[in-house]
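Hi everyone, thanks for making the time. I'd like to walk you through a protein that may be new to you, so let's put it up on the screen.

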Amino acid sequence: MVEGMWSIPVDLPFTHYNRSLRACSRVQDMLKELIREKKVKLEQHTATPHQDLITYLLSKHNEENERVVTDKEIVHNITLVMIVGHDTSSILISFVLRLLYKNPAVYKAVFLEQEEIARSKTSGEPLTWEDLARMKYTWRVAMETLRIVPLVFGGFRLALRDNDYGLLGIKHDTLDESIFPEPSKFDPARFEDQNSVPSYSFIPFGGGPCLCPGNNFVRIETLVAIHYLVTQYS
């Protein structure tokens, strides 16, 4: 299904686009069946409105007690979450691990931060939101990874032509060193002071009204994965 998003939209039986449409139809049929099951569980009170995203959307009502989200809208929202919530996070985590391997000093700093958090927990005790808030250096590593590696095809890092934007002059086929000195260098310290990064010069999750609604989910998923990977594996 995802492959078809980047293919030429020619709907013939042998094309990626056609296979993507058929795959999308199968996924939607599965989601429709899941929605039906959730409806029954909500009616039987064996599920709660806040149990998961589907039950939450099914339980949204207006002042007249009418549902405000249709089944079709739920299917589309769940499909979106499945795509953006999987590919982007898995790519980010993979490249964080790669860059940690190539930068031993950064890896050591991440390991010490995560080891300190692990020692504060009892055996089997899950991480909390407060624990994630303590992973400041690890998140700076993730931010620097996002700066270097485009997670989605089409997020290029090189200027395709000469540009003048305000007081900034960006030359063809270069990275902009006026914003990030030594742009090819992996340096999580760039994000120690967020105020030093000019507005909208670094927007891995978009900005303004186009801010990605899953940015906090990506943060949680990435930090939790890195915590268990660096504390349980060498």
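**Cysteines, domains and a helix pair**

Let's start with disulfides: a search of the whole structure finds zero of them. Please keep in mind that this is a predicted model.

Why is there no bond between cysteine 210 and cysteine 212? A disulfide needs two cysteine sulfur atoms within 2.5 Å. The sulfur of cysteine 210 has its closest cysteine sulfur in cysteine 212, and that one is 11 Å away, so it is too far for a bond. Turn it around and start from cysteine 212: the closest cysteine sulfur is the one in cysteine 210, again at 11 Å and too far.

And are these two residues buried or exposed? Cysteine 210 is exposed, with a relative accessible area of 63%. Cysteine 212 counts as partly exposed, at 28% relative accessibility.

Now let's step back to the overall layout. The protein is divided into domain 1, residues 1–69, and domain 2, residues 85–233. Taken over C-alpha atoms, the centres of domain 1 and domain 2 are 31 Å apart.

Finally, have a look at two helices, α5 at residues 87–102 and α8 at residues 136–148. Their axes come within 10 Å and cross at roughly 105°, which means α5 is roughly perpendicular to α8. Which residues meet there? From α5 we have Leu92, Phe95, Val96, Leu99 and Leu100, and from α8 Val141, Ala142, Thr145 and Leu146. Sorted by class, this contact of α5 with α8 has eight nonpolar residues, one polar and no charged ones.

Thanks for listening, everyone!

Definitions and conventions
Residues are numbered from 1 along each chain as its sequence is written. This is a predicted model: local features need pLDDT of at least 70, side-chain atom pairs count only at pLDDT 80 or more; totals for chains, interfaces and linings use all residues. Side-chain values use heavy atoms; hydrogens and water are left out. Domain bounds come from an automatic or database domain assignment. Buried means under 20% relative accessible area, exposed over 50%, partly exposed in between (1.4 Å probe, protein chains only). Axes are lines fitted to C-alpha atoms, for helices over the stretch in contact, and angles run from 0 to 180 degrees between N-to-C directions. Helices (H or I, at least four residues) and strands (E, at least two) are DSSP runs, numbered from the N terminus. Angles under 35 degrees count as roughly parallel, over 145 as roughly antiparallel, 65 to 115 as roughly perpendicular and the rest as oblique. Contact means heavy atoms within 4.5 Å. Ala, Val, Leu, Ile, Met, Phe, Trp, Tyr, Cys and Pro count as nonpolar, Asp, Glu, Lys and Arg as charged, and the others, Gly among them, as polar.
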